[in-house]
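This report describes the fold of one protein chain. It proceeds from the overall architecture to individual residues.

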Amino acid sequence: MALFKKRASGKPGEWYYCLEHKKVEEGPECPAKNRFGPYASREEASHAMETARERNLEWETDPKWHDKGGATPEE
């Protein structure tokens with residue numbers, strides 16, 4: 001029996017998208033390292049991967065990201 005059990009952090013009423021189980025969860029079901037969130041609603045959490053793709057595309061096409069002239073991020 002473990003003396004110190006790791007507990008997932010979060011609060012009931014907060015919604016998360018679990019990257020390991022590929023599902024929406026309410027509250028602290030899975031460890032923070034395996035989830036996106038918190039989101040205000042179940043609906044918002046259900047679109048977490050879509051939101052991440054959109055944000056990544058915005059960052060990749062942001063002209064300020066490539067403004068140093070020589071160094072570009074690794075792909």
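The sections below treat the chain as a whole, its sheet, the pairing of its strands, and selected side chains and backbone features.

**Overall architecture**

The structure is a predicted model. Two helices and three strands make up the secondary structure of the protein chain, and in sequence order these elements follow the pattern β-β-β-α-α. The chain has 75 residues, of which 19% count as buried. Its accessible surface comes to about 6500 Å², and carbon and sulfur atoms contribute 53% of that area. When contacts between residues at least 6 apart in sequence are considered, 19% join residues at least 24 apart.

**The sheet**

The three strands form an open sheet in the order 2-1-3, with antiparallel pairing. Strand 2 (23-26) and strand 3 (35-39) are the edge strands, each pairing on one side only. On average, neighbouring strands of this sheet are turned by 25 degrees against each other, direction ignored. Helix 2 (residues 48-60) lies across strand 1 and strand 3; relative to strand 3, helix 2 runs at about 100 degrees.

**Strand pairing**

Strand 1 (residues 15-18) is antiparallel to strand 2, and four bridges join the two. Strand 1 also runs antiparallel to strand 3, to which three bridges join it. Individual residue partners across the sheet are listed here.

| Residue | Partner | Strand of the partner |
|---|---|---|
| Y17 | V24 | strand 2 |
| C18 | K23 | strand 2 |
| C18 | R35 | strand 3 |

C18 thus appears with a partner in strand 2, namely K23, and also stands opposite R35 in strand 3.

**Side chains of strand 1**

In a regular strand, side chains alternate between the two faces of the sheet. Within strand 1, W15 and Y17 point one way, while Y16 and C18 point the other way. Are these four residues buried or exposed? W15, Y16, Y17 and C18 are all buried.

Y16 also takes part in an interaction with a charged residue: the charged end of R35 sits over the ring of Y16, at 4.1 Å from the ring centre. R35 is the residue that C18 faces in strand 3. As for contacts between rings, a search of the whole structure finds zero aromatic pairs.

**The hairpin turn**

Strand 1 and strand 2 form a hairpin with four residues between them. K22 lies in the loop between these two strands. The phi of K22 is near 55 degrees, which is a positive value in a residue other than glycine. K22 counts as exposed because its relative accessibility is 59%, and the cut-off for exposed is over 50%.

**A cis peptide bond**

Which peptide bond is cis, with omega near 15 degrees? The bond in question runs from G37 to P38. P38 is found in strand 3, one of the edge strands of the sheet.

The backbone at these two sites can be set against a general background. Most residues other than glycine have a negative phi, and most peptide bonds are trans. Against that background, K22 has a positive phi, and the bond from G37 to P38 is cis.

Note on methods:
Residues are numbered from 1 along each chain as its sequence is written. This is a predicted model: local features need pLDDT of at least 70, side-chain atom pairs count only at pLDDT 80 or more; totals for chains, interfaces and linings use all residues. Side-chain values use heavy atoms; hydrogens and water are left out. Rings of Phe, Tyr and Trp (its six-membered ring) pair if their centres lie within 6.5 Å; planes under 30 degrees apart count as stacked, over 60 as edge-to-face and the rest as tilted. A charge sits over a ring if NZ of Lys or CZ of Arg is within 6 Å of the ring centre and within 35 degrees of the ring normal. Buried means under 20% relative accessible area, exposed over 50%, partly exposed in between (1.4 Å probe, protein chains only). Contact means heavy atoms within 4.5 Å. Accessible areas come from the Shrake-Rupley method with a 1.4 Å probe; for residues, only the protein chains shown count as cover. Two strands pair if DSSP finds at least two bridges between them. Axes are lines fitted to C-alpha atoms, for helices over the stretch in contact, and angles run from 0 to 180 degrees between N-to-C directions.
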